[in-house]
Number of protein chains: 2
Amino acid sequence: MTVTLREVAAAAGVSIKTVSNVINGYAHISARTREAVEKAVADLGYQPNLSARGLRSGRTGAIGLVIPDLKNPYFAELAGSVMRAASQHGLAVFVEQTGGDRAQELAVLASPRMRMADGILFSVTGLDQADAATVAFPVTTVLLGERIFGAGADHVTMKNVEAARAATEHLIELGRSRIVALGARPHEVSGSAGLRLRGYREALEAAGIPFRDELVVDATPWHRADGARAVRELLAAGTGFDAVFAFNDTLAFGAMRALGDAGLGVPRDVAIIGFDDVDEARYSMPALTSIDPGRDEIAETAVRLLAARIGGDSTEPFVLHEAAFRIVTRESTGG
Amino acid sequence: MTVTLREVAAAAGVSIKTVSNVINGYAHISARTREAVEKAVADLGYQPNLSARGLRSGRTGAIGLVIPDLKNPYFAELAGSVMRAASQHGLAVFVEQTGGDRAQELAVLASPRMRMADGILFSVTGLDQADAATVAFPVTTVLLGERIFGAGADHVTMKNVEAARAATEHLIELGRSRIVALGARPHEVSGSAGLRLRGYREALEAAGIPFRDELVVDATPWHRADGARAVRELLAAGTGFDAVFAFNDTLAFGAMRALGDAGLGVPRDVAIIGFDDVDEARYSMPALTSIDPGRDEIAETAVRLLAARIGGDSTEPFVLHEAAFRIVTRESTGG
DNA sequence: GCGGGCGATTGCAACGTTGTAGACTCCCGA
DNA sequence: TCGGGAGTCTACAACGTTGCAATCGCCCGC
């Protein structure tokens, strides 16, 4: 039923290997032979068996994308960007969700399914720096995110500290001084939360604004409900604030929801800036000012690096690429 | 470097085939042998070569998911559900985006990458019923969506007509009678838009409310911006309405945005119901009443049907499964 | 005691492809 | 005329796995 090289070869009157050569673009083939083979391929509808090719060549033509959750719009949009970039390189992408859980991340790395990929893009959210030395990547890996550094892999990330500082400065420039850092994690130093909090502190210090513990609030795991809940608790506790720097957009949407419920106006009473610039930020009410962390640049760079490693540059030193960010100003900060 | 059956066999002091048997759960193995093999597997960290297995067995252990766009939250959430369901069956999922474009859908089906899958879940949005007879699926296929019927494949879809009718009735029960059908497509009969419009008409007729052309508005391709634009145009044209049945949630969010800009209250002036019940519906302001079309049921059923076909039930007649829906009432209809 | 059957294990071949090495032809320059 | 190189094509083996059929030993029932 399925057509193999053998049958194409028979139809074209050449050897199997010649058909293989034509298909793989080998240079020294006469025009006559090439035409005959191409005709036979077209007539029979031949398509290569990728398992056989993979077995022989050691390459599958697929890469894995390991992310926490597609329900999270940031990762869904990142996945879309990765797929577009991968298809430019002729690579298929298969996706594994980890739920952002350390145990599941390790399980996915150890899973035999990963062997279906020539390499993986691994967006770390469960492992942390302590794992960097011990974690074993089953195949060539490019790391995404801010949880692990120096783990012996190329790494693409965003300018978290600089972007967070710029976001906070943006709020300060509006004249706000009681700025909530929404989504901080008290004991995290590296990781998105730690880095963004650092940028926040830097901006406050530079502006001479006192850092207040009660304005730094945890809202794990950064879902809408967490943002809403945290803001409700702040309001209930009577903590005064006039701006929110949400560590991602989803938290920001939740925060806006809670503020709206409380009858507070955005940006009149509270200005809000998010982080990620997901599609929804353009259409929320009010439209959300956010940090565009350079998602397409991240995806394209990561795929390019991975494809290069797979292609054989195994001796190149590991690269750490930080994508450029920009502030996208919208209504939630009075833009 | 990579460990093969040969080395495990040597370490365990048995034949290659015995190792293979242990790994594949063959029944008649002595406890002693099984333990020895399992120890060798663990010691050496053996993992099967999936290309070789695929070549030999004709199965890759992966399925393809063909969808328009991960940026669309409905499809992102569907993809997440599909992956959870697939991993229950031990299947990897790779995703292809088509942009909802007919030419790209055909291109993806013809792509050699599809041969990496034992089967595909194909969410059709570009092809239409006229293609049903001619389209050739490269591998076992389960269709999703409402564009094509009777194309010689299992098919999982939702109760569009019934759900749309229920949505419209819900608005009517609130006392609304000038209900916009947002996202209709004038010349579509089957397809989501056609079916949902039919349910809308049925509900109006049953309630004795006249059908008005000016309340049926196109908003292709159902993005937030399209919903916002369509509502702005309605308002600008002075068309009076007191409710909106948006054919998906994204349109509904856009519509709410435009209404808010115009100073109209939801649900006070205009009640809104959406369709899809994406995560965001719970957190929009106001929270959006929506139709939950049974996404998990769709994903689980589709994966189960596909896995069964792959497993060999090639003679079973094709199934058309319609998932159950329910209305999730929230603030946008005064819940 | 013997044949039959079953449990446990194995060798062989094959899946479809590509890397390696080599065969063959033709043409050019010495 | 002949050697050598470039161009074209091919045979063979191998990638790591599993299906098939066979082998071997043991126990059971007659």
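User: In this predicted model, which element gives the most to the surface near DNA strand D?

Analyst: In the predicted model, the elements that supply two or more residues to the surface near DNA strand D are H2 and H4 of chain A together with H2 and H4 of chain B. Among these contributors, the element that gives the most does so with four residues, and that element is H4(B).

User: Which residue has an N or O atom in its side chain 2.7 Å from a base oxygen of DNA strand D?

Analyst: The residues closest to DNA strand D are A:Thr18, A:Thr33, B:Leu5, B:Tyr46 and B:Arg56. For one of these, the partner on DNA strand D is a base oxygen, which lies 2.7 Å from an N or O atom in the side chain of B:Arg56.

User: How far from a phosphate oxygen of DNA strand D does a polar side-chain atom of A:Thr18 lie?

Analyst: A:Thr18 is listed with the residues closest to DNA strand D. Chain A also reaches a phosphate oxygen of this strand through a backbone N or O atom of A:Ser15, at 2.9 Å. For A:Thr18 the atom is a polar one in the side chain, and its separation from a phosphate oxygen of DNA strand D is 2.5 Å.

User: What share of the atoms of DNA strand D that come within 4 Å of the protein do sugar and phosphate account for?

Analyst: The protein surrounds DNA strand D with 25 residues. Of the atoms of this strand that come within 4 Å of the protein, the share belonging to sugar and phosphate is 68%.

User: How many charged residues does the surface near DNA strand D have?

Analyst: Divided by class, the residues of this surface include 10 nonpolar and 10 polar ones. The remaining class on the surface near DNA strand D is the charged one, and its count is five.

User: Which residue places a polar backbone atom 3.0 Å from a phosphate oxygen of DNA strand C?

Analyst: Two residues approach phosphate oxygens of DNA strand C with polar side-chain atoms, A:Arg53 at 2.9 Å and B:His28 at 3.4 Å. The contact at 3.0 Å instead involves a polar backbone atom, and the residue that provides it is B:Ser30.

User: Which element gives the most to the surface near DNA strand C?

Analyst: Helix H2 (16-23) and helix H4 (50-57) of chain A, together with helix H2 (16-23) and helix H4 (50-57) of chain B, each supply at least two residues of this surface. The element that gives the most to the surface near DNA strand C contributes four residues, and that element is H4(A).

Conventions
Residues numbered from 1 in each chain as written. Chains lettered and ligands numbered in written order. Predicted model: local features only at pLDDT ≥ 70, side-chain atom pairs only at ≥ 80, totals over all residues. Heavy atoms only, no water. Polar contact = N/O pair within 3.5 Å; in protein donor to acceptor, adjacent residues only side chain to side chain. Near = heavy atom within 4 Å. Nonpolar A, V, L, I, M, F, W, Y, C, P; charged D, E, K, R; others polar.
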